[in-house]
Number of protein chains: 2
Amino acid sequence: MTTRAARAAPRYAQVAADLRAEIQRGDYGAGSAMPTESALCARYGVSRFTVREALRQLQAEGLIRRRRGSGTVVDPDGGSALRQSLTDVKELLQYASGSTYQFEPVGPVVLSPQRARDLNAEAGERWHLFEGLRTMAGHHRPIAYTAAYVHDAFAAVVPKVRRGETIFRQLERLGGIKIAKVTQDIRAIGAGAREAELLKVPRRSPCLSILRCYVDTTGRIVEMSLSVHPGDLFTYSMHIDEV
Amino acid sequence: MTTRAARAAPRYAQVAADLRAEIQRGDYGAGSAMPTESALCARYGVSRFTVREALRQLQAEGLIRRRRGSGTVVDPDGGSALRQSLTDVKELLQYASGSTYQFEPVGPVVLSPQRARDLNAEAGERWHLFEGLRTMAGHHRPIAYTAAYVHDAFAAVVPKVRRGETIFRQLERLGGIKIAKVTQDIRAIGAGAREAELLKVPRRSPCLSILRCYVDTTGRIVEMSLSVHPGDLFTYSMHIDEV
DNA sequence: CAGTGGTCTAGACCACGCG
DNA sequence: GCGTGGTCTAGACCACTGG
């Protein structure tokens with residue numbers, strides 16, 4: 001039944017999704033061996049290329065570790081909720097699963113010189129601002145305050161943006177574009193007056209600031225967002241393989 | 001002359017290095033087209049697989065951007081000194097090129113409960129401490145204070161560790177192991193008494209803290225390092241492709 | 001429409017880990 | 001020595017971009 005119906009994902013993505021589900025279901029004990037490449041080729045009826053592409057994806061997500069000569073094993077840290085890989089955008093979005101994010105449109109704004117400097121943009125430009133707080137079940141203090149700026153080229157679709165899905169995904173769908181790259185600049189800052197009030201932290205207390213720029217396939221900056229996290233509530237975890 | 005002499009890097013790495021040098025030399029104007037895959041196949045006399053593997057590496061480093069149907073272009077931000085990709089360990093090490101790093105062995109230490117908590121480790125364990133400062137040409141203030149802890153299993157090689165090369169590379173060589181993974185936890189903290197003094201910042205001022213764990217192929221933590229950067233001098237930049 | 005990069009096959013040889 | 005994953009070849013078809 002591989003008829004039409006949405007033209008389906010590539011084979012390697014399907015294999016990866018299947019194996020990811022098995023890993024997270026715990027079919028292979030943490031630290032224990034997974035099937036070899038040739039076994040997976042037989043099981044899915046695909047070539048080694050396809051299997052390796054799927055495994056490459058899982059490795060990038062930090063779920064598995066591979067060694068020439070010995071084999072493929074499930075990464076013991078990989079499943080831990082504490083160390084959540086964020087090198088992948090899919091996880092970058094749903095990061096801190098169990099958290100909820102509420103944002104509201106504020107309206108069009110013209111960047112002040114101060115804001116422009118924070119955002120690494122030009123003063124005087126017109127952007128459409130959304131403000132939001134991310135809260136975590138069980139915490140009375142928010143874990144993030146976010147200001148998101150959408151480029152004026154999308155003024156027509158801004159009123160259609162809804163909660164429940166990330167802004168940039170909606171811009172892709174409503175604006176007919178595709179985000180090709182996300183850049184992140186991570187810094188430590190002292191809480192400003194507004195952040196301090198909303199995040200319920202003392203003014204000037206250490207906060208993690210994450211500036212994200214969403215770039216489409218043609219290289220235009222479509223959206224910028226500036227998130228501020230209380231230093232005591234938030235850690236950005238990542239991993240790097242193939243040193 | 002591809003005789004022996006160190007068994008050489010894989011072909012795709014050589015192709016990648018060659019293209020990287022050309023890009024950084026400015027042979028292709030930023031934003032302009034690079035040779036197509038088939039052109040590179042012909043030029044280097046290799047298969048498309050090898051060329052694609054090389055280009056995949058350059059893409060992961062943020063140097064190029066690719067689009068089906070149109071082609072491969074040099075990423076306009078990629079060459080910028082301001083936005084330096086750090087998703088690759090090679091750059092993670094020589095990050096902020098132009099900076100110098102001086103460290104000194106302090107000796108064996110037994111982790112206090114406080115330190116153990118900072119490092120996410122067990123109190124009472126014995127580690128070998130190195131302390132260092134990273135300074136940048138033209139700045140009178142250091143951009144980082146680093147405390148690096150080497151596992152007691154490497155007590156024998158600790159006295160042989162020298163400046164001028166990263167500690168973990170020396171552990172690989174001297175200890176006969178291989179680092180397979182590096183994890184990073186990035187947080188915002190307030191400067192403690194010692195950091196404040198060494199970094200010449202006020203106490204409790206916002207700083208970026210980076211805790212790195214170096215894990216070998218068997219899953220053991222070989223080294224941990226805790227770097228503290230003044231918030232106003234240091235930004236951690238990264239990028240994510242294939243959203 | 002021709003040409004690009006994305007996916008995929010069926011082979012091959014090799015370096016490495018382990019028994 | 002055997003099986004693992006890492007590298008590599010020479011093909012193929014497809015989706016997409018652009019003129």
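What follows is a conversation between a visitor and a guide about a predicted model with chains A and B.

Visitor: How do you know that chain B touches chain A, and how many residues are in contact?

Guide: Contact here means heavy atoms within 4.5 Å. By that test, 47 residues of chain B are in contact with 47 residues of chain A.

Visitor: What does the figure for the area buried between chain B and chain A stand for, and how much comes from carbon and sulfur atoms?

Guide: Happy to explain! The size of an interface is often given as the accessible area lost when the parts come together. Between chain B and chain A that area is about 3900 Å², with carbon and sulfur atoms giving 53% of it.

Visitor: Why is the pair Asp75(B) and Lys181(A) called a salt bridge?

Guide: A salt bridge needs a side-chain nitrogen of Lys or Arg within 4 Å of a carboxyl oxygen of Asp or Glu. The closest N and O atoms of Asp75(B) and Lys181(A) are 2.6 Å apart, so the pair qualifies. The rule finds 4 salt bridges across the interface of chain B and chain A, and there are also 8 residue pairs in polar contact between these chains, both residues being at pLDDT 80 or more.

Visitor: Which elements make up the side of chain B that touches chain A?

Guide: Those supplying at least two residues each are α3 (48-60), β1 (64-67), α4 (89-93), α6 (167-175), β6 (179-190), β7 (206-216) and β9 (236-241) of chain B. The largest share comes from β6(B), with 12 residues. Sorted by class, this side of chain B has 19 nonpolar, 12 polar and 16 charged residues.

Visitor: What makes β6(B) and strand β9 of chain A a pair?

Guide: Two strands pair if DSSP finds at least two bridges between them. Here there are 6 bridges, in the antiparallel sense, between β6(B) and β9 (residues 236-241) of chain A, so the two strands count as paired. Among the partners, Met238(A) stands opposite Gln184(B), and His239(A) has Thr183(B) as its bridge partner.

Visitor: How do you know that β6(B) also pairs with β7(B), and over how many bridges?

Guide: The same kind of test applies: at least two bridges are needed. DSSP gives 11 bridges between β6(B) and β7(B), in the antiparallel sense, so this is a pair too. Within it, Ile189(B) stands opposite Cys207(B).

Visitor: Why is β6(B) described as mostly covered?

Guide: A residue is buried when its relative accessible area is under 20%. In β6(B), 10 of the 12 residues are buried, and therefore the strand is called mostly covered.

Visitor: Let us go back to Asp75(B). Is this residue buried or exposed, and how do you know?

Guide: The relative accessible area of Asp75(B) is 1%, which is under 20%, so Asp75(B) is buried. Besides Lys181(A), Asp75(B) forms a salt bridge with Arg65(B), where the closest N and O atoms are 3.2 Å apart. Arg65(B) lies in strand β1 of chain B and Asp75(B) in the loop between β2 and α4, so the pair ties together parts 10 residues apart in sequence. Arg65(B) is buried as well, with a relative accessible area of 12%.

Visitor: And why is Thr72(B) called buried?

Guide: Thr72(B) has 8% relative accessibility, under the 20% limit, so the word buried fits. This residue lies in strand β2 (residues 71-74) of chain B, and its side chain makes a polar contact with the side chain of Arg66(B) at 3.2 Å.

Visitor: Turning to chain A, what makes Arg52(A) and Glu37(A) a salt bridge?

Guide: Their closest N and O atoms are 2.7 Å apart, within the 4 Å limit, so the pair meets the rule. Arg52(A) is in helix α3 (residues 48-60) and Glu37(A) in helix α2 (residues 37-44), 15 residues apart. Glu37(A) is buried at 13%, whereas Arg52(A), at 40%, is partly exposed. Both belong to a network of salt bridges that links Glu37(A), Arg48(A), Arg52(A) and Arg66(A).

Visitor: Why is Arg220(A) called partly exposed?

Guide: Partly exposed lies between under 20% and over 50%, and Arg220(A) has 42% relative accessibility, so it belongs there. Arg220(A) forms a salt bridge with Asp216(A), the closest N and O atoms being 3.3 Å apart. Asp216(A) is buried, at 2%.

Terms used:
Residues numbered from 1 in each chain as written. Chains lettered and ligands numbered in written order. Predicted model: local features only at pLDDT ≥ 70, side-chain atom pairs only at ≥ 80, totals over all residues. Heavy atoms only, no water. Buried area = accessible area lost by both parts, 1.4 Å probe. Polar contact = N/O pair within 3.5 Å; in protein donor to acceptor, adjacent residues only side chain to side chain. Helix = DSSP H or I, 4+ residues; strand = E, 2+ residues; numbered from the N terminus. Nonpolar A, V, L, I, M, F, W, Y, C, P; charged D, E, K, R; others polar. Buried < 20%, exposed > 50% of the residue type's maximum accessible area, 1.4 Å probe, protein only.
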